[in-house]
Every structure is written in structure tokens, then in C-alpha cells.
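Let's take a walk through this chain together, from its overall plan down to a few individual residues. Have the viewer open as you read.

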Amino acid sequence: MDKISNQKKKEVSKLKRYDDCSFCGGKVLPQRVKVDYWWKGDLTIIENVPAGVCQQCGEEYYDGPIAEEMEHLVKSKEVIRTISIPVKEYKEAVFS
Ligand SMILES: [Zn+2]
């Protein structure tokens, strides 16, 4: 095998492989996602998080180290920008 294809092989194997979705059995592929992270009643949005996303139902899976890094980011004071979010209440009666 020549050098180039060897290198390519390494890059491919470095990509995290995810098991099929545990909810619907769909294919889970690596993607960058935006995470709405609630912590102690406060919402932080984390962009560009590497995750596995089910192509069928949209369920997102995070590796242990990535979940840890998100927790670290949420607790850190560093912010790239702040947005305001409208809050609304669902007031209609619930039908049983
Ligand atoms: Zn799924």
C-alpha cells in the first residue's frame, strides 16, 4: 500500500463510530450540533458540539469526554455572545 492511502485509512479510523440508535435503530452519524444545556435552572447554548445524530429520529449521543467538556464550558465565564429568549406559557386546558 502506498503512503497516501495509508494516511487516509488512519483518518477514517480516527472518526468516531456510533452504535445504531437505541430508540429507533436508525443509523447514527457524526455531526456538529447545537446543544441547549440547562444547568441549575439556567440555559446555556453550546455550538459546534461533536455528537452522533440518529438520521431517523434525530436523537443525539455524546461521548463521555465531550459531555465533560460541555459541563466545563457551562460553568466557565467565557461567553462568545448572549441572546435573549422569549418565554411563553401554554395556557389552554389539557383535554383528557
Ligand atoms: Zn433514532
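Start just past the second helix: Ile83 sits in the segment that follows α2. Keep in mind that the model is predicted. Is Ile83 buried or exposed? Ile83 counts as exposed because its C-beta has 5 neighbours inside 10 Å, and the cut-off for exposed is 12 or fewer. Along the chain, Ile83 and Ile45 are 38 residues apart, yet their C-alpha atoms are separated by 9.5 Å.

Val79 gives a similar view of this part of the chain. Val79 too belongs to the segment after α2, and its C-alpha lies 9.9 Å from that of Ile45, with their positions 34 residues apart in sequence. Val79 is classed as exposed because it has 8 C-beta neighbours inside 10 Å.

Now step back to the whole chain. Two helices and three strands are present, and reading along the sequence gives the pattern α-β-β-β-α. How much of the chain is buried? Of its 96 residues, 5% are buried. As for contacts between residues at least 6 apart in sequence, 47% of them join residues at least 24 apart.

With that plan in mind, look at α2 itself, which covers residues 64–75. Helix α2 has 12 residues and spans 17 Å from its first C-alpha to its last, close to the 16 Å expected at 1.5 Å a residue. How many of the 12 residues in α2 are buried? The count is zero, and the helix is hardly covered. When you turn a helix in the viewer, one general point helps: an α-helix has 3.6 residues a turn, so residues three or four places apart point the same way.

Finally, the backbone angles hold something for you to check. Lys40 is not a glycine, but its phi is positive, at about 50 degrees. You will find Lys40 in the loop that links β1 (28–39) and β2 (42–54). Lys40 is exposed because there are 6 other C-beta atoms within 10 Å.

Where is Asn48 found? Asn48 is in strand β2, and Asn48 also has a positive phi, about 60 degrees, although it is not a glycine. Asn48 is exposed, since 8 other C-beta atoms lie within 10 Å. So the two residues can be viewed one after the other: Lys40 in the loop between β1 and β2, then Asn48 within β2.

Definitions and conventions:
Residues are numbered from 1 along each chain as its sequence is written. This is a predicted model: local features need pLDDT of at least 70, side-chain atom pairs count only at pLDDT 80 or more; totals for chains, interfaces and linings use all residues. Helices (H or I, at least four residues) and strands (E, at least two) are DSSP runs, numbered from the N terminus. The expected span of a helix is 1.5 Å times one less than its number of residues. A residue is buried if 20 or more other C-beta atoms lie within 10 Å of its own, exposed if 12 or fewer, and partly exposed in between; C-beta atoms are placed from the backbone. Two residues are in contact if their C-beta atoms, placed from the backbone, lie within 7 Å.
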